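Q: Please take a close look at one part of this structure: the aromatic pairs that a search of the whole structure finds, and what lies around them.

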Amino acid sequence: NTPAKMKRKQAKKAKRNANKAQRKQAKHAKRLAKFDTNGNGKIEKSERRVVRAQRFDEFDANNDGSLSLAELQQAQAERQAAKQAKRAAKQAKRDAKLAELSPEKRARHSARMAKRQERMKARRANRGAPSLAKRFAKLDVDNSGSVSEAEFIQRSGKGKALGRGVN
């Protein structure tokens, strides 16, 4: 590797990191806008409760004022389907870009992606996330077999009710 090539690589990496930081900042701004209902630039406890109550209403499919394990499983399945569709769209974009690369670059890219997938697989295996039934049991404070809106709002702030990003 020549110094000029190294410099180009470093510049490319710096640009990629800057873009990543901008995307992260935009994501946080979007989240703040979602929770900050009074527009003061801060998320207050009362605002979180409002959002949790809205989320509860989304999950309560039969509108009976409580959540069953089946309703939570349905909400989780819908969320996973939406994530899968989003991933598929991103993958289609990546595949289109990959088709434009030369065979050598494509081979290097495929090798990098295989290594990355192995690392991600190992990370997922080490997570040990509790099952939905265990999380439901934690939400169901009074052991009634269903989660009331009050239980959901109270307990969903203490960890994740349905996994990452749901509360």
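A: Two rings of Phe, Tyr or Trp (its six-membered ring) are a pair if their centres lie within 6.5 Å; planes under 30 degrees apart count as stacked, over 60 as edge-to-face, and the rest as tilted. The model is predicted, so local features need pLDDT of at least 70 and side-chain atom pairs count only at pLDDT 80 or more, while totals for chains, interfaces and linings use all residues. Residues are numbered from 1 along each chain as its sequence is written, and side-chain values use heavy atoms, with hydrogens and water left out.

On these terms the whole structure has 2 aromatic pairs. One of them joins Phe56 and Phe152, with 5.7 Å centre to centre and 55 degrees between the planes, a tilted arrangement. Phe56 belongs to helix H2 and Phe152 to helix H6 (residues 149-155), so that the pair links parts of the chain 96 residues apart. Helices (H or I, at least four residues) and strands (E, at least two) are DSSP runs, numbered from the N terminus. The pair of Phe59 and Phe152 is edge-to-face, because the ring centres are 5.8 Å apart and the planes stand at 90 degrees. Phe59 also lies in helix H2, and 93 residues separate Phe59 from Phe152 in helix H6. Together Phe56, Phe59 and Phe152 make one aromatic cluster.

How buried are these three rings? Buried means under 20% relative accessible area, exposed over 50%, and partly exposed in between (1.4 Å probe, protein chains only). Phe152 has 0% relative accessibility and therefore counts as buried. Phe56 is buried at 1%, and Phe59 is buried at 9%.

The cluster sits in a wider nonpolar core, that is, a set of buried Ala, Val, Leu, Ile, Met, Phe, Trp, Tyr and Cys residues joined through side-chain atoms within 4.5 Å. The largest such core has 10 residues: Phe56, Phe59, Leu67, Leu72, Ala75, Leu132, Phe136, Leu139, Val147 and Phe152. Helix H2 (45-59), helix H3 (69-99) and helix H5 (132-139) each supply at least two of them, and H5 gives the most, with 3 residues. In soluble globular proteins, nonpolar side chains tend to be buried together.

Val147 shows how the core meets its surroundings. Contact here means heavy atoms within 4.5 Å. Apart from neighbours within four places in sequence, Val147 is in contact with Phe56, Gly65, Ser66, Leu67, Phe136, Leu139, Asp140 and Phe152. One of these, Gly65, lies in the loop between H2 and S1 and is partly exposed, at 39% relative accessibility. Gly65 and Val147 are 82 residues apart in sequence, yet their C-alpha atoms are 8.6 Å apart. Beyond four places in sequence, Gly65 touches Phe56, Asp60, Val147, Ser148 and Glu149.

H5 has the buried residues Leu132, Arg135, Phe136 and Leu139. Their arc around the axis (taken from the directions from the helix axis to the C-beta atoms) is only 105 degrees, which means that they lie on the same side of H5. An α-helix has 3.6 residues a turn, so residues three or four places apart point the same way. On the other side of H5, Lys134 and Lys138 are exposed. The cover over the buried residues of H5 includes strand S1 (66-67), H3, strand S2 (147-148) and H6.

H3, which also supplies the core, has the buried residues Glu71, Leu72, Ala75, Gln76 and Leu98. With 31 residues at 1.5 Å a residue, H3 should span 45 Å, and the 44 Å between its end C-alpha atoms agrees with this; the expected span is 1.5 Å times one less than the number of residues.

As for the chain around this part, there are 6 helices and 2 strands, in the order α-α-β-α-α-α-β-α from the N terminus on. Of the 167 residues in the chain, 19% are buried. Among contacts with a separation of 6 or more, residues 24 or more positions apart account for 50%.
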